[in-house]
Amino acid sequence: MDSWFIAERSFDFNDDISEVHLPDESITKITLKKHISRRKCKEILLNNADFRIELAMSYWDMGYHLAIFGTSYKFYEYACFFAEENDTNVLHRLHIGEVVTIVTDECETFAIIQSIFSHQYNNQQFAFVSADKFKITNRTVLRCPLFKLQSTNTRQRRIFPISMFRLDITHFVHYCNGNECIDGHNLKNEMYIRNLYFFKNV
Ligand SMILES: [Zn+2]
């Protein structure tokens, strides 16, 4: 990783894009929609050293083992693409705040999407997602497993190529404690129940 770095530049914004490059041919027709404001984007993802290191790691995941120079980042509310699964092209829609699965060679991990963004490299747009992962606990509620969101774990990697994300077909609900969630969920409480009795139509 020594030869890797991503130069610091300011965030940039533009219109929706559908010309997203991806070396993985099993993922097609990536579209990023509804770009979001500069203020909102700064709140959810800082352009700091961790951001640039994780972006470099994501290029590494896609097979780009060269130094990356940052030019512009554009942030969006949602993304969609087709993934080839069992000889069928399946449409996946990813939206900020939704639960997804991050698929790696080793495992599948549940996570909540924090941001969706494109980065321009070598005159091509690449798409990335930043997400907070869930970690399973040994506790259950009504026979459903209890998970802890890793949003305050600063050592947790958050940025991955969009090709590693799949829409999750199960359902997570906040594990509201007493009266803490009367005026909206208390997100300092990071416990969530994976509801095994609920299935979404996707
Ligand atoms: Zn709650």
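The legends below describe three close-up views of a predicted model. Local features need pLDDT of at least 70 and side-chain atom pairs count only at pLDDT 80 or more, whereas totals for chains, interfaces and linings use all residues. Residues are numbered from 1 along each chain as its sequence is written, and side-chain values use heavy atoms, with hydrogens and water left out.

**View 1. The zinc ion and its donor residues.** His174 (ND1), Cys176 (SG), Cys181 (SG) and His185 (ND1) coordinate the zinc ion at 1.9 to 2.3 Å; donors are N, O and S atoms within 2.8 Å of the metal (3.2 Å for Na, K and Ca), and water is not among the atoms, so sites may look incomplete. The arrangement is tetrahedral because the 4 donor atoms subtend angles of 102 to 118° (four donors count as tetrahedral if all angles lie between 85 and 135 degrees). Along the sequence, the donor residues follow the spacing H-x1-C-x4-C-x3-H.

**View 2. Accessibility of two zinc donors, His174 and Cys176.** His174 is buried, with a relative accessible area of 10%, whereas Cys176 is partly exposed at 36%. Buried means under 20% relative accessible area, exposed over 50%, and partly exposed in between (1.4 Å probe, protein chains only).

**View 3. Ser58 in helix α2.** Helix α2 comprises residues 49-61 (helices are DSSP runs of H or I, at least four residues, numbered from the N terminus). Ser58 is buried, with a relative accessible area of 0%. Leaving aside residues up to four places away in sequence, Ser58 touches Phe128, Arg157, Ile159, Phe160 and Pro161 (contact means heavy atoms within 4.5 Å).

Note on methods
Helices (H or I, at least four residues) and strands (E, at least two) are DSSP runs, numbered from the N terminus. Four donors count as tetrahedral if all angles lie between 85 and 135 degrees; four count as square planar and six as octahedral if opposite donors are over 155 degrees apart and all others between 65 and 115; anything else is irregular.
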